[in-house]
Amino acid sequence: MIWFFWVLSPVLIALAYLFAAPIYVEINTAVDLFRVRFHRLVSAALLITGDGILIDLKVAWWEKRFDLLAPGKKGRPKKTKPVEKTARRRRISFRTTWAVLKTFKVKSFYLTADTGNPAFNGAIYPAFYAIRTLTGQNISINFGGRNELVLEIKNNLARITRAFIYSSLKSGTWKT
């Protein structure tokens with residue numbers, strides 16, 4: 001019986017880590033950072049250069065960079081299989097989608113915008129000020145030509161799964 005515990009415990013620990021580890025979505029236009037990170041284990045960053053659009057993928061110690069605009073390699077032609085009837089896809093309700101979206105937590109937010117038209121900037125300045133005071137976030141309009149967004153969102157699989165299951169049970173989409 002003890003051997004069963006020794007075999008099963010690493011699997012349970014790995015599953016607990018996968019569910020509890022944070023997932024980050026980071027956007028920082030000041031340094032051109034667009035990244036999705038799974039704790040420190042996996043990250044995918046979008047890099048925009050003058051030549052193309054790159055995806056920088058890091059998984060543990062392995063790193064790979066893909067160019068999205070590079071012409072694809074010509075390999076052997078793939079064999080086409082006859083199209084089979086697929087199972088009907090279940091639609092996700094708006095309630096479930098909203099419940100999952102509410103699980104995301106904003107860790108940091110900063111927005112400063114300039115439309116390029118000083119009169120329009122002056123007209124929307126009170127709206128930006130009202131949004132700033134209501135939300136407590138750092139939102140502003142500027143007249144210097146700067147447009148910046150810094151956003152860091154955090155979540156984990158446990159919260160997403162819990163919200164998905166509870167809202168699906170509430171809306172009656174899972175029938176037993």
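1. Let's start with Trp-98, which is partly exposed in this predicted model. Its relative accessible area is 48%, and because the exposed class begins over 50%, Trp-98 stays in the class in between. Phe-94, by contrast, has a relative accessible area of 67% and counts as exposed.

2. Phe-94 and Trp-98 both belong to helix 2, which covers residues 94-101. They are four residues apart there, so about one helical turn separates them.

3. You may like to look at the aromatic rings next. How many aromatic pairs are there by the rule used here? The count comes to three. One of them joins Phe-5 and Trp-6 in an edge-to-face arrangement, with 5.8 Å from centre to centre and 70 degrees between the planes. Both partners are exposed: Phe-5 is, and so is Trp-6.

4. The rings of Phe-94 and Trp-98 also make a pair, with centres 6.4 Å apart. Why is this pair called stacked? The planes of Phe-94 and Trp-98 lie at 15 degrees, and planes under 30 degrees apart count as stacked.

5. Now for the sheet. Eight strands build an open sheet with mixed pairing, and their order is 5-4-3-2-1-8-6-7. At the edges stand strand 5 (62-67) and strand 7 (138-141). Each of these two has a single partner strand, so one side of each is left without a neighbour in the sheet. On average, and with direction ignored, neighbouring strands of this sheet are turned by 10 degrees against each other.

6. A helix joins the picture here: helix 3 (residues 118-135) packs on the sheet. Which strands does helix 3 touch? The contacts are with strand 6 (105-113) and strand 7. The direction of helix 3 makes about 170 degrees with that of strand 7.

7. Within the sheet, it is worth following strand 3 and its pairing with strand 4 (residues 53-59). The two run in the antiparallel sense, and seven bridges link them. For a pair of residues to find on screen, try Ser-43, which stands opposite Lys-58 in strand 4.

8. One last residue to visit is Ile-48, located in strand 3 (residues 42-48). Is Ile-48 buried or exposed? With 56% relative accessibility, Ile-48 counts as exposed, because exposed means over 50%. Phe-34 is 14 residues away from Ile-48 along the chain, and their C-alpha atoms are separated by 9.4 Å.

Technical notes
Residues numbered from 1 in each chain as written. Predicted model: local features only at pLDDT ≥ 70, side-chain atom pairs only at ≥ 80, totals over all residues. Heavy atoms only, no water. Buried < 20%, exposed > 50% of the residue type's maximum accessible area, 1.4 Å probe, protein only. Phe/Tyr/Trp six-rings, centres within 6.5 Å; stacked < 30°, edge-to-face > 60°. Pairing = 2+ DSSP bridges. Axes fitted to C-alpha atoms, helices over the stretch in contact; angles between N-to-C directions. Contact = heavy atoms within 4.5 Å.
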